[in-house]
Amino acid sequence: MPEPQIITSTTANTPSRRSYVGWLIGLCTAGVSAVLALPLVRFLIYPLTAKTTETKWSDVGAAGEFALLTTPVQRSVIVEQLDGWRKTVSEKIVYVTKDGSGQLQVLSAICPHLGCSVQWTGAKKEFGCPCHGATFSTDGKCTGGPSPRGMDSLESAVQSDRLVVHYRYFRQLVPDKQVIG
Amino acid sequence: MIESDDKQIVSAGKPNLLFRWFDQRTGIDGILRESLDEPIPGGARFAYVFGSALLFIFISQVITGVFLALYYVPSADHAHTTVAYITKEVTSGSFLRSIHAYGSSAMVILLLLHVTQTFLYGSYKGRRELLWLSGCVLFALILCMAFTGYLLPWDQKAYFATAVGTNIAGEVPFIGAWIKSLMRGGVDMGSLTLSRFFVAHVLVVPAAIFAFVAMHVVLFRKSGAAGPISENPDTPTQPPETFYPRQVVIDGIFALVIIAVLALLAHFLPFELGPKANPADTAYLPRPEWYYIPIFQWLKYWPGSLSFLGVVVLPSIVAFLFASLPFLDRRMERRPWKRPVAVGTYVFILLALFGLGMVSYRGDHANPGYAAQLIAQEKASQEFMKRPFEPELSQATLVSANAALADPVAAQGAKLYQAQSCNACHGENGSGTAAGPALVGINGRLSANQLSASLKSPSAKMIAGGMSPSDLPAVDLTALVAYLESLK
């Protein structure tokens, strides 16, 4: 029975022709892979270019409602947080007040000390936290108690005659305002 | 005797120092030669592309599958949302998902082509029994991949097709019910079904495929390529040509064509996602994917007690004959026209399957009720695809949403609970913290009146913990108590 003839690489095409074909195949493969890799890479880095964890701006009320504000008012806002394909909708308390220069500002009701809800006491004309006795002035500045900083003001704006606010969470127990979510 | 060290390193045409460095440490040159210098008796042919095309598409499925898994969550409440997220939101998501979905159909088509080519060429002859058997196992594994992958989007089509498929498995006598509940992870379809199918589809079956592909390739190289029909399967005599370069180029071009077709389909006809699975929908008409339709139709002819014969006995006989083919057909004859029994049976079964598929489609369209329902289902799918992506509401939202819907007084109470800082000690939704006990289930211990009294005059224990008497107006206190009583 004759042994099958195995053509070795040295006896088939000459090395230079094979290497040319090899180089060509390699180039085509690289080219095709690059084209195919493009959608894969875009798919992979989608969360780097799109905002996948964002908190939407919340509506507080008609801007006119707060124009003649003399004392802070409490409002609850609907906060929508996006987390990839999930959405959390919650209700949060905010205070609409005027700052030192008479501009509208929106304050978070979460005490910067340990996170209790700050109350407005009309009689004493100040904000007070019932948990550990922190007190704040009408524009949110710390006036007494263990809070390391004043009440946190939230980014707000007036859009189409509505007061809107960007609700965020801030770190407790630190003297500077740090966003944590 | 081939001495790899002596031979010229031909890949770059001249001695490549880097290549030599690697080769001395890995033996890569010898490995490359061994694999690329596979002798094909009678030379490279287009007919031989289907095996490597299968491997190429399988790799493509693995890659697209891994990327899809970056966003997909295999649980009954999230599966559909995450697939919708991929299809509607993520860049190139619809494109990659379509490549993956159409790729599974491509696998089945190429599988049929590969089996048909090797069958007609009699490439199972001449000490290739184990090669053929490993191929049969791969056949079954690929069909398993198609079946398990189909459920993962958890839309109506996926859910009901799997319900039907697992019901069929239940038809097997004696152990059928056991097999069915093993597949389903219980009596009914549900979360456990999805977990099992996901593990099978992503972990177990691909691992088995890799193992059997390796076995298949090793066995193939050991027995050698069978070559054309005119070639002796045991002792080839025709002058061979090496796999590289011509067969590599032919395989490469074919792979390119397949990828181009898949890409064009994915781009112009994106794969649809239907509305989320609704198990209570009794009107839904399940239909499996196109490659299972012939079997779906076949089962209709075997009702009741006959089902054992049609579902188990006959298919088992066919499968057995198919798998044991190299043992039954011992002749060295490879020309198809000289093998009337084998080739005739194969062609007959293939045509029968095709015919069954046609009958099924025609039957669906001829029946006005079915046709209408199928059109409605297709429309529901298209409508769902047109709607923008809707994020899933997380659990925290639903609690407050439920409270708001159920009782506006309790909803007002929920707001007061937060505004009065009750959450600071008693936790979100009354879940409790180290500072204060949980209030969930308090309706079982205190009535509304008792709770109201307790808030106005807290007990000594409560005062010691930090509770101060409530000074809320009566209306607000009622609302707060209503909320607390609703906590569960």
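Between which two helices of chain B is the place of B:Trp154? B:Trp154 sits in the loop between helix H6 (129-151) and helix H7 (156-169) of chain B, where helices (H or I, at least four residues) and strands (E, at least two) are DSSP runs numbered from the N terminus. The structure is a predicted model, in which local features need pLDDT of at least 70 and side-chain atom pairs count only at pLDDT 80 or more, while totals for chains, interfaces and linings use all residues. Residues are numbered from 1 along each chain as its sequence is written, and chains are lettered from A and ligands numbered from 1 in the order in which they are written.

The backbone of chain B offers several points to look at. Most residues other than glycine have a negative phi, and most peptide bonds are trans. B:Trp154, a residue other than glycine, has a positive phi near 55°. B:Trp154 is also buried, since 25 other C-beta atoms lie within 10 Å; here a residue is buried if 20 or more other C-beta atoms lie within 10 Å of its own, exposed if 12 or fewer, and partly exposed in between, with C-beta atoms placed from the backbone. B:Ser92 is not a glycine either, yet its phi is positive at about 65°. This serine belongs to the loop between helix H4 (79-88) and helix H5 (93-120) of chain B, and it counts as partly exposed because it has 19 C-beta neighbours inside 10 Å. A cis peptide bond, with omega of about 10°, links B:Tyr244 to B:Pro245. B:Pro245 is part of helix H10 (residues 243-268) of chain B.

The helices of chain B also supply the largest nonpolar core, which has 49 residues. A nonpolar core is a set of buried Ala, Val, Leu, Ile, Met, Phe, Trp, Tyr and Cys residues joined through C-beta atoms within 7 Å. Those with the most contacts inside this core are B:Ala53, B:Leu54, B:Ile57, B:Met107, B:Leu110 and B:Ala158. Two or more residues each come from helix H3 (49-68), H4, H5, H6, H7, helix H9 (191-223) and H10 of chain B. H3(B) gives the most, with nine residues. Leaving aside residues up to four places away in sequence, B:Leu110 touches B:Phe50, B:Ala53, B:Leu54 and B:Ile57, two residues being in contact if their C-beta atoms, placed from the backbone, lie within 7 Å. H3(B) itself is mostly covered, as 15 of its 20 residues are buried. Its end C-alpha atoms are 28 Å apart, which agrees with the 28 Å that 20 residues should span at 1.5 Å a residue; the expected span of a helix is 1.5 Å times one less than its number of residues. Apart from this core lies another, of 25 residues, among them A:Val60, A:Val96, A:Ala109 and A:Cys129.

Chain A brings the strands into view. Strand S3 (residues 73-83) and strand S4 (residues 86-98) of chain A pair in the antiparallel sense over eleven bridges, where two strands pair if DSSP finds at least two bridges between them. One bridge partnership in this pair sets A:Val73 against A:Val96 in S4(A). The hairpin of S3(A) and S4(A) has two residues between the strands, and A:Gly84 takes a positive phi near 65° there. S4(A) is also joined by five bridges to strand S5 (residues 104-108) of chain A, again in an antiparallel run, with A:Val94 facing A:Ser108 as its bridge partner in S5(A). This second hairpin has five residues between its strands, and A:Gly102 in the turn has a positive phi of about 85°. S4(A) reaches across to the other chain as well: two bridges join it to strand S3 (residues 392-393) of chain B, in the parallel sense. In that pairing A:Lys87 stands opposite B:Leu393.

A further sheet in chain A is open and antiparallel, with four strands in the order S6-S7-S8-S9. Its edge strands, each pairing on one side only, are strand S6 (119-121) and strand S9 (142-144). Strand S8 (residues 135-136) meets S9(A) through two bridges, and A:Phe136 lies opposite A:Cys142.

At the level of domains, the assignment of chain B gives domain 1 (37-386) and domain 2 (395-486), with bounds that come from an automatic or database domain assignment. The centres of these two domains, taken over C-alpha atoms, are 58 Å apart.
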